[in-house]
Each structure stands twice: as structure tokens, then as C-alpha cells.
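Work through the exercises below with the sequence and the coordinates at hand. Each task is followed by a solution in steps.

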Amino acid sequence: MLQLARVSPAMERICDARYICPVACWPVGGRYWEFPQGSWEDRPGVDPAELAAAELREETGLRAGRLDHVGRLFTAYGYSTQGCHVWLATDLTEGPRAPSVEEQDLVAHRFSHGDWLAMLADGVIQDASTLAAWALLCARPPSGLPLPPACPRE
């Protein structure tokens, strides 16, 4: 997670994951499913792992027993320094959500692997960070964890 902007996807077991619906995407006039992500503008130097764990907890109520760093992505490096770090959260336990005032109407939902693949195929997932994180996980899953199902194989 890069502190220039937002923390990107933290997710459980890659295929049986939780995704959230943002409060609203006013620039594009809709609400779209995405992996949990966020930033702390008032703490730009915060440790990315701390931020990932906190955003996951705030938005979904999940606590990660393990966070694996998958990689770093730039959102639009042609015109911005904004970027994100991608984390895989596993060994999850549930607890209360702690959304900010702006996130009070966020919903967290667990999708089956089949539903996730259908959402990808049907263009339901339109968040670039979420799509890039999925591609990164398929290309480079954390050490000791299996390649996610439905990722391209040789």
C-alpha cells in the first residue's frame, strides 16, 4: 500500500473473497464492487501493512491473522503518482465494522468463486485496482500459497 493515495485489495483465500460496494462513485455515476481499499490522508507515512489491516477491519469487520504483500501498482502513472500496494489477507476472523462517516452505507459481501468469475466475465467488476490486483495475484501468488483457480496456467 502506497501512502500517496490508497491501499488496495486485501482479500481472503482469493476465490472465496469479500468485496465491498463503495459509498458512491460520483464521477462515473454509479456503485461498483471492489476489493477493500483506502488511504489515510492525515497519516501519509503510515506503515502500509497497518493501513491494509485497518481498512479491511473498518470496511468489512474482518481481522487478518496474516497479511502477505503481493506487489505494488500505479493507478495512472501517465499523469499521477497515485499508487497502491496489494495485500492478501488470510486467517480471517469476524468482528465489528468501523466505517467512517462517509462509508456508513458500505456493504461487504462474500461471493463464491463461480460468482466472482461470472462478475469478471460479465464486466461487473470495473474497478481498475481490483482487476489489476487479481491479475497480480494470478501472476505472483504469495510464497507457499496456491495459484488461484481460474488463473491462466501453462
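The exercises go from the whole chain to its helices, a strand pair, the core and the aromatic rings.

The model is predicted: local features need pLDDT of at least 70, side-chain atom pairs count only at pLDDT 80 or more, and totals for chains, interfaces and linings use all residues. Residues are numbered from 1 along each chain as its sequence is written, and side-chain values use heavy atoms, with hydrogens and water left out.

**Exercise 1. The whole chain**

Task: State the order of the elements of the protein chain and the share of its residues that count as buried.

Solution. Begin with the DSSP runs: helices are H or I runs of at least four residues, strands are E runs of at least two, and both are numbered from the N terminus. The protein chain has three helices and five strands. Read from the N terminus, their order is β-β-α-β-β-β-α-α.

Next, apply the burial classes: buried is under 20% relative accessible area, exposed is over 50%, and partly exposed lies in between (1.4 Å probe, protein chains only). Of the 154 residues, 45% count as buried. The accessible surface, from the Shrake-Rupley method with a 1.4 Å probe, comes to about 7,900 Å², and carbon and sulfur atoms hold 55% of it.

Finally, take contacts, meaning heavy atoms within 4.5 Å. Among those with a separation of 6 or more, 68% are between residues 24 or more positions apart.

**Exercise 2. Helix α1 and its surroundings**

Task: Compare the expected span of helix α1 with the distance between its end C-alpha atoms, then describe what comes just after α1.

Solution. The expected span is 1.5 Å times one less than the number of residues. Helix α1 (residues 48-60) has 13 residues and should therefore span 18 Å; its end C-alpha atoms are 18 Å apart, which agrees.

Its buried residues are Leu-51, Ala-52, Ala-54, Glu-55, Leu-56, Glu-58, Glu-59 and Thr-60. Of these, Ala-52 has its C-alpha atom 8.1 Å from that of Gly-38, 14 residues away along the chain. Gly-38 sits in the loop between β2 (18-21) and α1 and is buried, at 12% relative accessible area.

Just after α1 comes Gly-61, with a positive phi of about 85°.

**Exercise 3. Strand β4**

Task: How does β4 run relative to β3, and is Asp-91 buried or exposed?

Solution. Two strands pair if DSSP finds at least two bridges between them. β3 and β4 are joined by eleven bridges and run antiparallel. Phe-74 stands opposite Gly-83 in β4.

Nine of the twelve residues of β4 are buried, so this strand is largely enclosed by the rest of the structure. Asp-91 lies in β4 but counts as exposed, at 56% relative accessibility. Its phi is near 55°, a positive value in a residue other than glycine.

Thr-93, also in strand β4, is partly exposed at 47%. Setting aside residues up to four places away in sequence, Thr-93 touches Gly-61, Leu-62 and Arg-63. The C-alpha atoms of Thr-93 and Gly-61 are 8.4 Å apart, with their positions 32 residues apart along the chain.

**Exercise 4. The nonpolar core**

Task: Which element supplies the largest share of the largest nonpolar core?

Solution. A nonpolar core is a set of buried Ala, Val, Leu, Ile, Met, Phe, Trp, Tyr and Cys residues joined through side-chain atoms within 4.5 Å. The largest one has 16 residues, and those with the most contacts inside it are Val-70, Leu-73, Val-86, Trp-116, Trp-134 and Leu-136. At least two residues each come from β3 (62-74), β4 (83-94), α2 (113-121) and α3 (128-139). The largest share, five residues, is that of α3.

The buried residues of α3 are Ser-129, Thr-130, Ala-133, Trp-134, Leu-136, Leu-137 and Cys-138.

**Exercise 5. Aromatic rings**

Task: Classify the ring pair of Trp-116 and Trp-134.

Solution. Rings of Phe, Tyr and Trp (its six-membered ring) pair if their centres lie within 6.5 Å; planes under 30 degrees apart are stacked, over 60 edge-to-face, and the rest tilted. This rule gives three aromatic pairs. For Trp-116 and Trp-134 the centres are 5.3 Å apart and the planes at 65°, so the pair is edge-to-face. Trp-116 belongs to helix α2 and Trp-134 to helix α3, so the pair ties together parts 18 residues apart in sequence.

Both residues, Trp-116 and Trp-134, are buried. Ring pairs link them with Phe-35 into a cluster.
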